[in-house]
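Colleague: Could you walk me through how to read a model like this one? I am happier at the bench than at the screen.

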Amino acid sequence: MSSTNRGYDRHKVDFYVTPKRCIREFFSCWLDDLMGEFWDDQLSVGTDPDKAIWLDPCAGGDTTHKMSYPEVIISEFGADVDTIDYRQDSLAYRKEDYLLADVPQNYYDVIITNPPFYLAQEIIEKALRDVKDNGYVVMLLRLNFFGSNERLSFWERQLPVWTYVHHRRFSFTDDGKTDSIEYMHAVWQKNYSPDFTMLKVI
Ligand SMILES: C[S@@+](CC[C@H](N)C(=O)[O-])C[C@H]1O[C@@H](n2cnc3c(N)ncnc32)[C@H](O)[C@@H]1O
């Protein structure tokens, strides 16, 4: 999602390109924080991100832009990333609506994306159903996603374990103009809803 260029064509499909630098900044903190987290018989994404199985369910990409998250995950970790996007001109392997997509259950270690704003909560909730037990769901969201009457019951049920607030504003467009709002990478863990989220400014 992006809060700039509201009248722009891209808004119709909510396709924005997440800067890879921001994704790398997030990974360098989160994977450090994950070190030492071990779950019975499961790999630690912190120590072995290359062995993790990743899904980007709104993967983006087009003729001039690569898919941001898969690009970083493949180049940094050499891991497998499955990709879905409902746009026919996206670079995703599966051109489908993620909300209707059958994905293998208890298979993905991490489901990660920058979701379209208007579907963000539904995508998070589906990802939390689809991800492996104790697996992670990571979403790039506007910081003010926390503030809404409709989402209060969702937060009460399922708070992210970690919240990484990016101190720099991002540019999601080729003209380099920065977005008008701060963003966070929020990280949920399946089957675990803490009383408080751990928040870092990165
Ligand atoms: C904000 S863009 C992010 C693109 C890419 N993840 C990135 O970070 O650069 C959101 C993407 O979600 C896709 N999308 C929107 N609704 C979708 C749905 N129901 N299922 C799958 N993809 C969807 C759009 O086509 C778009 O590529």
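Modeller: Gladly. Let's begin with burial: His166 has a relative accessible area of 1%, so this residue counts as buried. Keep in mind that this is a predicted model.

Colleague: Where along the chain does His166 lie?

Modeller: His166 is in the loop that runs between β6 (162-165) and β7. Its C-alpha atom is 25 Å from that of Ser44, and 122 residues separate the two along the chain.

Colleague: How do I decide whether a residue such as Thr64 is buried or exposed?

Modeller: Use the relative accessible area: under 20% is buried, over 50% is exposed, and anything in between is partly exposed. Thr64 has 63% relative accessibility, so Thr64 is exposed. Thr64 belongs to the loop between β1 (53-56) and α3 (68-77).

Colleague: And His65, buried or exposed?

Modeller: His65 is buried, because its relative accessible area is 11%. That residue also lies in the loop between β1 and α3. A polar contact of 3.2 Å links the side chain of His65 to the side chain of Thr64.

Colleague: How far apart in space are His65 and Ala101?

Modeller: From C-alpha to C-alpha, the distance is 24 Å, with a sequence separation of 36 residues. Now compare another pair. Lys190 and Gly135 are 55 residues apart along the chain, and their C-alpha atoms are 5.6 Å apart.

Colleague: Where is Lys190, and is it buried or exposed?

Modeller: Lys190 is in the loop between β7 (183-189) and β8 (198-201). With a relative accessibility of 15%, Lys190 falls under the 20% cut-off and therefore counts as buried.

Colleague: What should I look for in the backbone angles?

Modeller: The sign of phi is a good place to begin. Most residues other than glycine have a negative phi. Here, Asn106 has a positive phi, near 55°. Asn134 has a positive phi as well, near 65°.

Colleague: Which loops hold Asn106 and Asn134?

Modeller: Asn106 lies in the loop between β3 (94-95) and β4 (110-113). Asn134 is in the loop between α4 (120-130) and β5 (136-142). As for accessibility, Asn106 is partly exposed, because its value is 45%.

Colleague: Let's turn to the ligand. Where does the ligand sit?

Modeller: The ligand sits in the largest cavity. Around the ligand there are 23 residues, and the closest are Thr18, Cys58, Asp85, Asp97 and Tyr98.

Colleague: What classes of residue make up that shell?

Modeller: The shell around the ligand contains 13 nonpolar, 5 polar and 5 charged residues.

Colleague: How do I read the individual polar pairs?

Modeller: Check which atom of the ligand is involved, and whether the protein atom belongs to the backbone or to a side chain. For Thr18, a side-chain N or O atom is 2.5 Å from an oxygen atom of the ligand. For Tyr16, a backbone N or O atom lies 3.2 Å from a ligand oxygen atom. For Thr113, a side-chain N or O atom is 3.4 Å from a nitrogen atom of the ligand.

Colleague: How much of the ligand's accessible area does the protein cover?

Modeller: On its own, the ligand has 590 Å² of accessible area, and the protein covers 100% of that.

Colleague: Thanks, I will go back to the picture with those steps in mind.

Methods:
Residues numbered from 1 in each chain as written. Predicted model: local features only at pLDDT ≥ 70, side-chain atom pairs only at ≥ 80, totals over all residues. Heavy atoms only, no water. Near = heavy atom within 4 Å. Polar contact = N/O pair within 3.5 Å; in protein donor to acceptor, adjacent residues only side chain to side chain. Areas by Shrake-Rupley, 256 points an atom, 1.4 Å probe, with all protein chains shown as cover. 1 Å grid on protein atoms, 1.4 Å probe; cavity = no way out; pocket = protein on both sides within 12 Å on 5 of 7 lines; lining within 4 Å. Sits in = over half its atoms within 2 Å of the grid points. Nonpolar A, V, L, I, M, F, W, Y, C, P; charged D, E, K, R; others polar. Helix = DSSP H or I, 4+ residues; strand = E, 2+ residues; numbered from the N terminus. Buried < 20%, exposed > 50% of the residue type's maximum accessible area, 1.4 Å probe, protein only.
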